[in-house]
Amino acid sequence: MSLKEFKSEIVVTGIICLCAGLFSMAHYMGWLEQDYSLLGNLARNLYGPSVRQEMNRLQAVKEISPDIPRITALCYHEVRPDRKRDPLNVSPELFRRHIREFKKAGYTFIDVDDLRQCLAGKASLPEKALLISFDDGYADNYNYAYPILLDEKVSGTFFVVSSTVGNVNRMTADELREMQANGMAIGSHTVNHESLAGMADTEIEFEMRRSREALEKLLGRPVYALAYPEGKVDKAVLDKVGKYYEMAFLASVAPEKKQTLYTLQRYGVFSWNDRIESIFRNR
Ligand SMILES: [Zn+2]
């Protein structure tokens, strides 16, 4: 090899290294996160889904709300193969893809039982903890989501409306008991699924107490987690919830707002969230 050839090889190698360096920096900085072009897809295939945006949010949570466990919580509703255009319905294929992408991104799946253990100091919280939850207790949760969770060996939390258990298109008591026996966690979504915000004090207490009692009777074990219908709360609700529950969840995320154990934020997941990165843009 002549000196001239050697020099040009050095230059070519240098350019390749520079491009590779720029590419990995772009990935690391999150510049390709919302990029569905060739480069974005290449980064995703090489490095897995980019969750940098969510890790930044969790860092902010640590600063704004140091007293709460830092978790990524998701709120699903229906999981069925039809009704692809219903924004609150995620198809079973998409649901499984989400789970696999979160696994690929290094998440550990937790449910409210795990969270309770962490709060009691009996377990430590993984760095990337993902809590998957389902609101309303739809029959498809048992028919489609639950078998996928079992198959993928992860657990989920199901927030059930106590007065609708066994109704048309809702899960039955036997189904809930079976899910609980196989590692799923069940929480309350009140008695009647009406927004608690603005309700009279006695009604708020009824919705909180009665749903917990009914579910505990049905499940034979304590129920200590609540998801607010429509994610709505007001001062009266927040004043009372601690009397009946150990933790309660909203249905949206506001990174700038302080959270407590009774205003734990969840990302709503919708039919258009084809990639997990897009879930982190839901508010
Ligand atoms: Zn609901």
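Q: Which runs count as helices and strands here, and how are they numbered?
A: Helices are DSSP runs of H or I with at least four residues, while strands are runs of E with at least two. This goes for the predicted model you're looking at. Both kinds are numbered from the N terminus.

Q: How much of residues 128-283 is helix, and how much is strand?
A: UniProt, in an unreviewed entry, lists this stretch as "domain: NodB homology". Its end C-alpha atoms sit 20 Å apart. As for the make-up of residues 128-283, it's 35% helix and 15% strand.

Q: How far apart are the C-alpha centres of domain 1 and domain 2?
A: Start with the split: domain 1 covers 1-47 and domain 2 covers 51-279. The C-alpha trace of the chain spans about 90 × 40 × 35 Å along its principal axes. Between the C-alpha centres of the two domains, the distance is 41 Å.

Q: Which strands do the buried residues of α5 pack against?
A: Helix α5 runs over residues 112-119, and its buried residues are Val112, Asp113, Asp114 and Leu115. Just so you can spot the helix's end, α5 is followed by glycine 121, with a positive phi near 75°. The strands that those buried residues pack against are β2, β3, β4, β5, β6 and β7.

Q: What share of the contacts with a separation of 6 or more comes from residues 24 or more positions apart?
A: The chain has ten helices and eight strands, and 39% of its 283 residues count as buried. Among contacts with a separation of 6 or more, the share from residues 24 or more positions apart is 62%.

Technical notes: Residues numbered from 1 in each chain as written. Predicted model: local features only at pLDDT ≥ 70, side-chain atom pairs only at ≥ 80, totals over all residues. Domains from an automatic or database assignment. UniProt positions renumbered as here; feature names shortened; annotations may be inferred. Buried ≥ 20, exposed ≤ 12 C-beta atoms within 10 Å, placed from the backbone. Contact = placed C-beta atoms within 7 Å.
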